[in-house]
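Subject: Structure handover

Hello,

Here is the structure I promised to pass on. My notes on it follow below the display.

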Amino acid sequence: MYRREILPSYIERDLLAFPVELIDSVEREVCPASNEVNITIPNLPGLIAAACVARVLLLQKLNGKEIKCLRKALELTGRELAERMDVREETVSRWEHDEPMGPASEKLLRLRVALKLKDRVALTIDDKGITEIIERQIEAVRTPDDGRPQIQLMLLRPQPLFRFT
């Protein structure tokens, strides 16, 4: 018979492209005879959706692993994401291998993720609110000689990245 307990804190580092701390929700089962340990994360699809929505609402620029994680959470292939973003499939591949994503593309990806996945989690913010949060993430920092404003994403990142209770 397994010994079961709910862990007060569990940090998952391998599931997503960023660490997620789960509070009072992960069950650990230990077999007394063999010391075999099983970890059960409840509602894994909901966790992935919630973590991805939370990540796109953070101000820090997305890295390649995070972009790939977001694409997978949307259940899209690289080709399908490229079509929806109106870019070539090779461009998505480069983003996923840490080539910088332009501000407009990053904003579009963040909006797509937040608007598509918000219904899988208990998010009490409407589409307009999500759009406003993502709009505030960009800041015009200067105008170069050609007159086009340059956009920079402000960077903030607490450790661990998310805390679910």
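A definition before the pairs: two strands count as paired if DSSP finds at least two bridges between them. One such pair of facing residues is Glu27 and Thr40, with Thr40 in β3. Please keep in mind that the model is predicted.

**Overall layout**

The chain has 165 residues, and 37% of them count as buried. It holds 6 helices and 6 strands. Read from the N terminus, the order is β-β-β-α-α-α-α-α-α-β-β-β. The exposed surface of the chain comes to about 10,100 Å². Carbon and sulfur atoms supply 50% of that surface. For contacts between residues at least 6 apart in sequence, 57% join residues at least 24 apart.

**The N-terminal strands**

Strand β1 covers residues 3–12, and strand β2 covers residues 20–30. They run antiparallel and are joined by 9 bridges. Leu7 has Val26 in β2 as its bridge partner.

β2 also pairs with strand β3, residues 37–40. That pairing is antiparallel too, over 4 bridges. Here Glu29 has Asn38 in β3 as its bridge partner. The Glu27 and Thr40 pair named above also involves β3. β2 and β3 form a hairpin, with 6 residues between the strands. Asn35 sits in the turn and has a positive phi of about 60°.

**Two residues of β1**

Arg4 is in strand β1. Is it buried or exposed? Arg4 has 56% relative accessibility, and the cut-off for exposed is over 50%, so it counts as exposed. Setting aside neighbours within four places in sequence, Arg4 is in contact with Glu27, Arg28 and Glu29. The C-alpha atoms of Arg4 and Glu29 are 4.5 Å apart, with a separation of 25 residues in sequence.

Ile11 is in strand β1 as well. Its relative accessibility is 33%, so Ile11 counts as partly exposed. Beyond its neighbours within four places in sequence, Ile11 is in contact with Pro19, Val20 and Glu21. Ile11 and Val26 are 15 residues apart in sequence. Their C-alpha atoms are 9.7 Å apart in space.

**Positive phi in the loops**

Two loop residues deserve a look on the backbone plot. Asn43 has a positive phi, near 45°, and is a residue other than glycine. Asn43 is in the loop between β3 and α1, where α1 spans 44–56. With a relative accessible area of 56%, Asn43 is exposed.

Glu75 is not a glycine either, yet has a positive phi of about 60°. Glu75 lies in the loop between α2 and α3, and α3 spans 78–85. Its relative accessible area is 61%, so Glu75 is exposed.

**A buried loop residue**

Where is Leu62? Leu62 is in the loop between α1 and α2. Its relative accessibility is 8%, below the 20% cut-off, so Leu62 counts as buried. Which residues does Leu62 contact, leaving aside neighbours within four places in sequence? They are Arg55, Ile67, Leu70, Glu106, Leu109 and Arg110. Leu62 and Asp98 are 36 residues apart along the chain. Their C-alpha atoms are separated by 9.0 Å.

**How α2 meets α4**

Two packed helices are described by the angle between their axes and the distance between the axes. Helix α2 covers residues 64–73, and helix α4 covers residues 89–96. Their axes come within 7 Å and cross at roughly 125°. An angle of 65 to 115 degrees would count as roughly perpendicular, and one over 145 as roughly antiparallel. The α2 and α4 angle fits neither, so the two helices are oblique to each other.

On the α2 side, the contact uses Gly64, Lys65, Ile67, Lys68 and Arg71. On the α4 side, Val92, Trp95 and Glu96 take part. By class, the contact of α2 with α4 has 3 nonpolar, 1 polar and 4 charged residues. Ile67 comes up twice in these notes: Ile67 is among the α2 residues that meet α4, and Ile67 is also one of the contacts of Leu62.

Best regards

Note on methods. Residues are numbered from 1 along each chain as its sequence is written. This is a predicted model: local features need pLDDT of at least 70, side-chain atom pairs count only at pLDDT 80 or more; totals for chains, interfaces and linings use all residues. Side-chain values use heavy atoms; hydrogens and water are left out. Axes are lines fitted to C-alpha atoms, for helices over the stretch in contact, and angles run from 0 to 180 degrees between N-to-C directions. Angles under 35 degrees count as roughly parallel, over 145 as roughly antiparallel, 65 to 115 as roughly perpendicular and the rest as oblique. Contact means heavy atoms within 4.5 Å. Ala, Val, Leu, Ile, Met, Phe, Trp, Tyr, Cys and Pro count as nonpolar, Asp, Glu, Lys and Arg as charged, and the others, Gly among them, as polar. Buried means under 20% relative accessible area, exposed over 50%, partly exposed in between (1.4 Å probe, protein chains only). Accessible areas come from the Shrake-Rupley method with a 1.4 Å probe; for residues, only the protein chains shown count as cover.
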